[in-house]
Amino acid sequence: MSEPTILFGVGATKAGTTWLHSALKAHPACAFRDIKEAHYWDTVNVGDRLEYLTAREDALHRLRVQRHQAEADRKGWKAANLDRQIAAVSDQIDMLCADRRGNQAYLEWLQKDRADQAVVADFSPSYALLNKPALERMTRLTPHTKVIYLMRDPLSRLWSHVRMVASRNGAGAEKLPAAANRLLRRVIDRKSHQNIVNRGDYKGTVEKLVDVVPENRLLMMFSEETLTSAGFSAVCRFLGIKEQAADTETPVHSGAKAVMEPTLRADAMAFLKDQYDWARDTFGPLPQAWQNNLERVSA
C-alpha cells in the first residue's frame, strides 16, 4: 500500500476549515479521523502538551458522565455515539503522550482508519501560529505532505472569532451581543486577546508558509471561493483526487448570532486595513464579500 498524502489544514481560525474537513471526510479517497484537530505540532513543548492534555482529560470526563446518564435514561443510540467519542478522545490522548521520536505514534494515529485511501489529514488552525522552524519540521514530515490555508473576509472572521470566545466565556444568547461587542472593542484597542488578532494575521502566516512549503504543495484560497463547487473541485485537484460535488449550502459549526454595533464597524475596518490591502496587493481582486465590507465603510 502506497504512502498517503498528509494534508495539514493550518487555518485561519473561523475561516471554513471545519466545513472543508467535513466535505473532504465524505470523499471516498480520504480517510480522516473523527477528531479534526490533532494538536500534535503545537504541543511539542512539554508545558503546552500538559495544558492541552488537561483540557482533553476534562473533556473525556464529561463524555463519560454523559455516557452514564444516557445509559441510565436507556438511550442506547446516544450511549453508542458517546462510546465513539470517548474512544476517539482516548486514542488522541494516547497519541499525544507517546514517544515522539520519529513521529511514529502520530503517523499511526493519522492512518488508523485508512484502508487504501489517498489522503489523511490534521486540520489544526492553531498551527498557523507556529514559527518557521516548527512549520518546516511539520511540513517535511513526509515527501507527500500538503498544506491548505484559508482566508475569510477579515471583518467577518474577526467578528465570528470574537463571538465564539464570548460564548465560550459563558455569555448566553441574551448577553452575547453586549459581551461580544465589549470584547471586540478590547481587541481593537489591543487591550486583550492578542491571540484572536494573531489567528487572523493572513500576511504573517502566508509569508511563513511560502518560505517553508514547496509551491506545489501549498494551496492558499479565499474561504468564500473554497465553499463553492468550483472551489471544492480546485481542492480535489490540488490533492490529486477525483473531483466530486460537496454540500455547499449546509453550514458547519456556524457561530452564535449577534449584531456588531455600527460605531465599532468603522474602527474594526481601520484596524484590519493592512490585511485587506495586503490581500489585494498579493492576490489581486478580492472576493465580493470582502469588497462589500470595504464599500460599506467607505460609503
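## A walk through the model, starting at S124

Select S124 and show its side chain: there is a polar contact with the side chain of D122, at 2.7 Å. Keep in mind as you go that this is a predicted model.

**Stop 1: around S124**

Stay on S124 and look at the backbone of H39. The S124 side chain reaches the backbone nitrogen of H39 at 3.3 Å. In the chain, S124 belongs to the loop between β2 (119-123) and α5 (132-139). Is S124 buried or exposed? With a relative accessible area of 0%, S124 is buried. Now bring up what surrounds S124: leaving out residues up to four places away in sequence, S124 touches G9, V10, E37, A38 and H39.

**Stop 2: R33 in its loop**

Next, select R33. You'll find R33 in the loop between α1 (17-25) and α2 (46-72). Though an arginine, R33 counts as buried, because its relative accessible area is 8%, under the 20% cut-off. Follow the side chain to W109: a polar atom of the R33 side chain lies 2.6 Å from the backbone oxygen of W109. To see the rest of the surroundings, add H21, K25, D91, W109, L110, K112 and D113, the contacts of R33 once neighbours within four places in sequence are set aside.

**Stop 3: two charges over rings**

Show Y40 and R100 together. The charged end of R100 sits over the Y40 ring, 4.3 Å from the ring centre. Then jump to K146 and F238 for another case: here the charged end of K146 sits over the ring of F238, at 5.0 Å from its centre.

**Stop 4: strands β3 and β4**

Colour β3 (residues 145-151) and β4 (residues 218-222). These strands run parallel and are joined by five bridges. For one spot to zoom in on, pick Y149, whose bridge partner in β4 is M220. How much of β4 is buried? Four of its five residues are, so call the strand mostly covered.

**Stop 5: the aromatic rings**

Now show the aromatic side chains. The model has twelve aromatic pairs. Begin with Y149 and Y202, an edge-to-face pair with centres 6.3 Å apart and 80° between the planes. Y149 sits in strand β3 and Y202 in helix α9 (residues 202-212), so this pair ties together parts that are 53 residues apart in sequence. Both Y149 and Y202 are buried.

Move on to F222 and F283. Their ring centres are 5.7 Å apart and their planes stand at 75°, so this pair is edge-to-face. The link again spans distant parts of the chain: F222 is in strand β4 and F283 in helix α12 (residues 262-283), 61 residues apart. Which of the two rings belongs to a buried residue, and which to a partly exposed one? F222 counts as buried at 6% relative accessibility, whereas F283, at 28%, counts as partly exposed.

To finish this stop, select Y149, Y202, F222, Y276, W278, F283 and W290 in one go: ring pairs link them into a cluster.

**Stop 6: helix α7**

Switch to helix α7 (residues 176-188) and put a distance between the C-alpha atoms at its ends. You should read 18 Å, which agrees with the 18 Å expected for 13 residues at 1.5 Å a residue. Highlight the buried residues of α7: L176, A179, A180, N181, L183, L184, V187 and I188. These pack against α6 (154-168), α8 (194-199) and α12. Just after the helix, stop at R190, which has a positive phi, near 55°.

**Stop 7: N181, within α7**

Go back into helix α7 and centre on N181. At 4% relative accessibility, N181 counts as buried. What does the N181 side chain reach at 2.7 Å? The backbone oxygen of P177 is there. A polar atom of the N181 side chain also lies 2.8 Å from the backbone nitrogen of E261. Setting aside residues up to four places away in sequence, N181 touches W159, V259, M260, E261 and L264. For a last distance, join the C-alpha atoms of N181 and V259: they are 8.4 Å apart in space, while the residues are 78 apart in sequence.

Note on methods:
Residues are numbered from 1 along each chain as its sequence is written. This is a predicted model: local features need pLDDT of at least 70, side-chain atom pairs count only at pLDDT 80 or more; totals for chains, interfaces and linings use all residues. Side-chain values use heavy atoms; hydrogens and water are left out. Helices (H or I, at least four residues) and strands (E, at least two) are DSSP runs, numbered from the N terminus. Buried means under 20% relative accessible area, exposed over 50%, partly exposed in between (1.4 Å probe, protein chains only). A polar contact is a pair of N or O atoms within 3.5 Å; within protein, one must be able to donate a hydrogen and the other to accept it, and residues adjacent in sequence count only if both atoms are side-chain atoms. Contact means heavy atoms within 4.5 Å. Two strands pair if DSSP finds at least two bridges between them. Rings of Phe, Tyr and Trp (its six-membered ring) pair if their centres lie within 6.5 Å; planes under 30 degrees apart count as stacked, over 60 as edge-to-face and the rest as tilted. A charge sits over a ring if NZ of Lys or CZ of Arg is within 6 Å of the ring centre and within 35 degrees of the ring normal. The expected span of a helix is 1.5 Å times one less than its number of residues.
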